Amino acid sequence: AAKEQGKSRYVRYTAELDARTVEHARLGAELQHALVSGELFLLYQPVVVLPEGELSSVEALVRWRHPERGLVSPAEFIPVAERNGMIVQIGAWVLREACRQMAEWRRRYGAAGPVRMGVNVSPRQLREPSFVQAVTDVLRETGLRPEDLLLEITETAVFDGGPALETVRALHALGVKLALDDFGTGHSSLGLLRTCPVDVLKVDKLFVDGVTGTVENSVIATSLVQIAHALRLRAVAEGVETEAQARRLYQLGYRLAQGFHFAPPLPEEEVGRLLAVRAAGLGCDRLDPPALA
Ligand code: C2E
Ligand code: MG
Ligand code: MG
Ligand code: MG
């Protein structure tokens with residue numbers, strides 16, 4: 001009976017696996033169409049300064065509005081695009097679109113605009129020999145300075161050295177800012193912080209979730225901000241969902257945060273409204289007499 005059961009479980013498992021493979025193949029084929037027919041778009045999530053929550057920069061996050069499936073999450077289609085190679089084209093589109101948007105906000109809102117634009121870069125993109133040139137081209141086309149761009153890479157892409165690390169060094173030499181994303185969840189090595197020239201450590205939500213808990217649950221977030229600052233890197237706490245977490249993170253030394261507590265990923269127009277208010281506020285500070293005490 002046990003054998004029978006084991007066998008049926010195996011059959012069910014492979015059936016599920018096949019279904020998933022087929023589903024992935026279909027998604028992959030549809031992605032090609034999605035890119036050319038304009039089904040992909042970007043949302044922008046604010047990164048804020050603690051404790052007030054003032055806007056610092058934004059991170060571009062890709063979305064897919066599928067004609068039948070509705071909104072598809074990048075957690076679902078980015079891995080598929082990584083496997084079939086489409087990520088190279090998708091990534092190039094994301095980079096150009098995010099930089100175009102950043103340049104537009106700069107023109108319209110000047111100093112009230114975001115400090116910089118964060119763009120996620122997948123390991124596969126970093127292995128493309130032409131990636132540095134692609135970044136250079138986009139900066140030139142959009143008129144952005146290298147330091148207006150923050151490329152978010154993962155530890156796993158660079159932990160074993162090789163061409164990806166060389167690419168990162170070339171980007172750093174260009175003056176582009178670099179972040180290690182989801183820090184602590186991949187092939188973490190603190191040695192990487194010395195060999196890989198990064199400016200920002202994005203501490204994963206996994207560790208941020210624990211900051212209001214026990215010492216054991218908060219120890220990693222506590223240590224990472226100290227390590228980051230000792231190495232003169234900025235630390236960003238990812239996935240901050242509550243006021244209590246925000247307050248605790250500030251106590252621990254975090255000065256930058258991102259999460260639903262402050263703002264979810266927003267459409268371009270909503271960020272524009274936010275920036276317009278900010279621009280007006282900056283103007284008022286200079287022009288208006290001090291408010292009545
Ligand atoms: P990520 O780069 O670490 O982005 C942060 C993710 O956390 C985003 O998910 C964001 O919506 C989500 N998030 C932000 N604040 C909170 C919070 O308070 N609570 C919770 N539960 N989640 C929060 P999203 O947009 O679904 O993206 C997931 C991942 O997909 C990203 O993680 C990134 O690795 C990848 N991704 C997104 N856009 C791109 C892209 O254009 N290119 C590449 N290569 N990867 C991308
Ligand atoms: Mg990111
Ligand atoms: Mg992240
Ligand atoms: Mg993350």
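## A tour of the ligand and metal sites

The donors of the magnesium ion (ligand 2) are spaced along the chain in the pattern E-x60-N-x31-E-x28-D. The model in the viewer is a predicted one.

**First stop: the magnesium ion (ligand 2).** Select ligand 2 together with Glu59, Asn120, Glu152 and Asp181. These residues coordinate the magnesium ion through Glu59 (OE), Asn120 (OD1), Glu152 (OE) and Asp181 (OD), at 2.0 to 2.2 Å. Next, colour two strands: β4 (residues 117-120), which holds Asn120, and β5 (residues 149-154), which holds Glu152; the pair therefore ties together parts that are 32 residues apart in sequence.

**Second stop: the magnesium ion (ligand 3).** Move from ligand 2 to ligand 3, keeping Asp181 selected. The two magnesium ions are 3.7 Å apart, and Asp181 coordinates both. Now add Asp182 and Glu238 to the selection. The donors here are Asp181 (OD), Asp182 (OD) and two OE entries from Glu238, at 1.8 to 2.8 Å. Along the chain, the donors of ligand 3 follow the spacing D-D-x55-E.

**Third stop: the backbone at Asp182.** Remain on Asp182 and display its main chain. Asp182 is not a glycine, yet its phi is positive, at about 50°. This residue is located in strand β6.

**Fourth stop: ligand 1.** Select ligand 1 and display the residues around it. There are 20 of them, and those that come nearest are Arg63, Asn120, Asp181, Glu241 and Phe260. Asn120 and Asp181 have already appeared as donors to the magnesium ion (ligand 2).

Three polar contacts may be displayed as distances to oxygen atoms of ligand 1:

- Phe260: a polar backbone atom lies 2.8 Å from an oxygen atom of ligand 1.
- Glu59: a polar side-chain atom is 3.0 Å from an oxygen atom of ligand 1.
- Glu238: an N or O atom in the side chain is 3.2 Å from an oxygen atom of ligand 1.

How much of ligand 1 does the protein bury? Taken alone, ligand 1 exposes 800 Å², and the protein buries 80% of that.

**Fifth stop: the pocket and its shell.** Show the protein surface around ligand 1. The space that ligand 1 takes is the largest pocket. Which elements give two or more residues to the shell around ligand 1? They are β2 (54-66), α2 (74-84) and β6 (177-183). Of these, β2 provides the largest share, four residues. Colouring the shell by residue class gives eight nonpolar, five polar and seven charged residues.

**Last stop: the loop before β2.** Follow the chain back from β2 to Pro51, which is found in the loop between β1 (40-49) and β2. Select Leu50 as well and display the backbone: the peptide bond from Leu50 to Pro51 is cis, with omega near 5°.

Note on methods
Residues are numbered from 1 along each chain as its sequence is written. Chains are lettered from A and ligands numbered from 1 in the order in which they are written. This is a predicted model: local features need pLDDT of at least 70, side-chain atom pairs count only at pLDDT 80 or more; totals for chains, interfaces and linings use all residues. Side-chain values use heavy atoms; hydrogens and water are left out. A residue is near a molecule or strand if one of its heavy atoms lies within 4 Å of it. A polar contact is a pair of N or O atoms within 3.5 Å; within protein, one must be able to donate a hydrogen and the other to accept it, and residues adjacent in sequence count only if both atoms are side-chain atoms. Accessible areas come from the Shrake-Rupley method with a 1.4 Å probe; for residues, only the protein chains shown count as cover. On a 1 Å grid over the protein atoms alone, a cavity is a set of points where a 1.4 Å probe fits but cannot get out, and a pocket is an open set with protein on both sides within 12 Å along at least five of seven lines; lining residues have an atom within 4 Å of a point. A molecule sits in a cavity or pocket if more than half of its atoms lie within 2 Å of its grid points. Ala, Val, Leu, Ile, Met, Phe, Trp, Tyr, Cys and Pro count as nonpolar, Asp, Glu, Lys and Arg as charged, and the others, Gly among them, as polar. Donors are N, O and S atoms within 2.8 Å of the metal (3.2 Å for Na, K and Ca); water is not among the atoms, so sites may look incomplete.
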